[in-house]
Amino acid sequence: MFYNVTPDTWDKQFDVNLRGNYFLLQDLIKNRHKDIDFNVVIISSERGAQCDDIPYGLTKVALNSLTRGLSRRFYKEHVRVNAIAPGITASDMTEVDRNGNLYQPLISSDRYFVPEEVAEVALFLMSDRSKCVSGEVIATDAGNYISSYY
């Protein structure tokens, strides 16, 4: 896949995954109501915890760094920034049917997850129950990223 990357495909991945997030977060943080707590949950990927040589994975590594950098800079201003890093989740994009067979023996959980399972982690991070959590990238892949191979 490394040899298939073109400047155009590089730019598309970085524009959507990194540039879009970066400038959206810049605007949101700058224009927030400063008298209330502000929580951000960035959607990364398990690929962000792996070494990579293609734009998708590289953008996710950068998002993980952005998560930690923004948290460090803004936590004292009542801005919490975290990320979730899903593995392959049943969706139209992955072409995994949430109502079909979710079994996948090549991943640590032996199955794909459904969006609601990933959303539960995002809800926790947005809640007051996670006030002491900031700058974290929480994997929602049952630890698959730990011994990843592809």
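# Exercises on a predicted model

At 59% relative accessibility, His-33 counts as exposed. Keep in mind as you work that this model is predicted.

**Exercise 1. Find where His-33 sits in the chain, and how many Å separate it from Gln-50 in space.**

Step 1: Follow the chain to the loop between α1 and β1, where you will find His-33.
Step 2: Recall the accessibility of this residue, 59%, and set it against the cut-off for exposed, which is over 50%.
Step 3: Now look at Gln-50, which is 17 residues from His-33 in sequence. Their C-alpha atoms are 36 Å apart in space.

**Exercise 2. Decide whether His-78 is buried, exposed or partly exposed, and say what is notable about its phi angle.**

Step 1: Locate His-78 in the loop between α2 and β2.
Step 2: Take its relative accessibility, 48%, which makes His-78 partly exposed, because buried means under 20% and exposed means over 50%.
Step 3: Turn to the backbone. The phi of His-78 is positive, about 65°, although this residue is not a glycine.

**Exercise 3. Check the length of helix α2 against what its number of residues predicts.**

Step 1: Note that α2 runs over residues 55-74, which makes 20 residues.
Step 2: Work out the expected span: 1.5 Å times one less than the number of residues. For α2 this should give 28 Å.
Step 3: Compare with the model, where the end C-alpha atoms of α2 are 28 Å apart, so the two values agree.

**Exercise 4. Work out which parts of the protein cover the buried residues of α2.**

Step 1: Pick out buried residues of the helix; among them are Leu-63, Leu-66, Thr-67, Leu-70, Ser-71 and Phe-74.
Step 2: Think about spacing. An α-helix has 3.6 residues a turn, so residues three or four places apart point the same way.
Step 3: Look at the surroundings. The cover of the buried residues includes α1 (7-30), β1 (38-43), β2 (79-86) and β3 (137-140).

**Exercise 5. Describe the surroundings of one residue in β1 and one in β2, starting with Val-40 and Ile-84.**

Step 1: Begin with Val-40 in strand β1. Its relative accessibility is 8%, so Val-40 counts as buried.
Step 2: List its contacts beyond the neighbours within four places in sequence: Leu-25, Arg-80, Val-81, Asn-82 and Met-126.
Step 3: Move on to Ile-84 in strand β2. At 1% relative accessibility, Ile-84 is buried as well.
Step 4: Leave out neighbours within four places again, and the contacts of Ile-84 include Val-41, Ile-42, Ile-43, Val-118, Leu-125 and Ile-138.
Step 5: Finish with two distances. The C-alpha atoms of Val-40 and Phe-113 are separated by 22 Å, with their positions 73 residues apart along the chain. For Ile-84 and Tyr-112, 28 residues apart along the chain, the separation is 16 Å.

**Exercise 6. Judge how compact the whole protein is for its length.**

Step 1: Sketch the order of elements along the sequence, which is α-β-α-β-α-β.
Step 2: Compare the radius of gyration, 16 Å, with the 15 Å that the globule rule gives for 150 residues. These are close, so the protein is as compact as a globular protein of that length.
Step 3: Add the spans of the C-alpha trace along its principal axes, about 50 × 40 × 25 Å.
Step 4: Look inside: 39% of the 150 residues count as buried.
Step 5: Consider contacts between residues at least 6 apart in sequence; 70% of these join residues at least 24 apart.

Key:
Residues numbered from 1 in each chain as written. Predicted model: local features only at pLDDT ≥ 70, side-chain atom pairs only at ≥ 80, totals over all residues. Heavy atoms only, no water. Helix = DSSP H or I, 4+ residues; strand = E, 2+ residues; numbered from the N terminus. Buried < 20%, exposed > 50% of the residue type's maximum accessible area, 1.4 Å probe, protein only. Contact = heavy atoms within 4.5 Å. Rg over C-alpha atoms; globule rule 2.2 N^0.38 Å.
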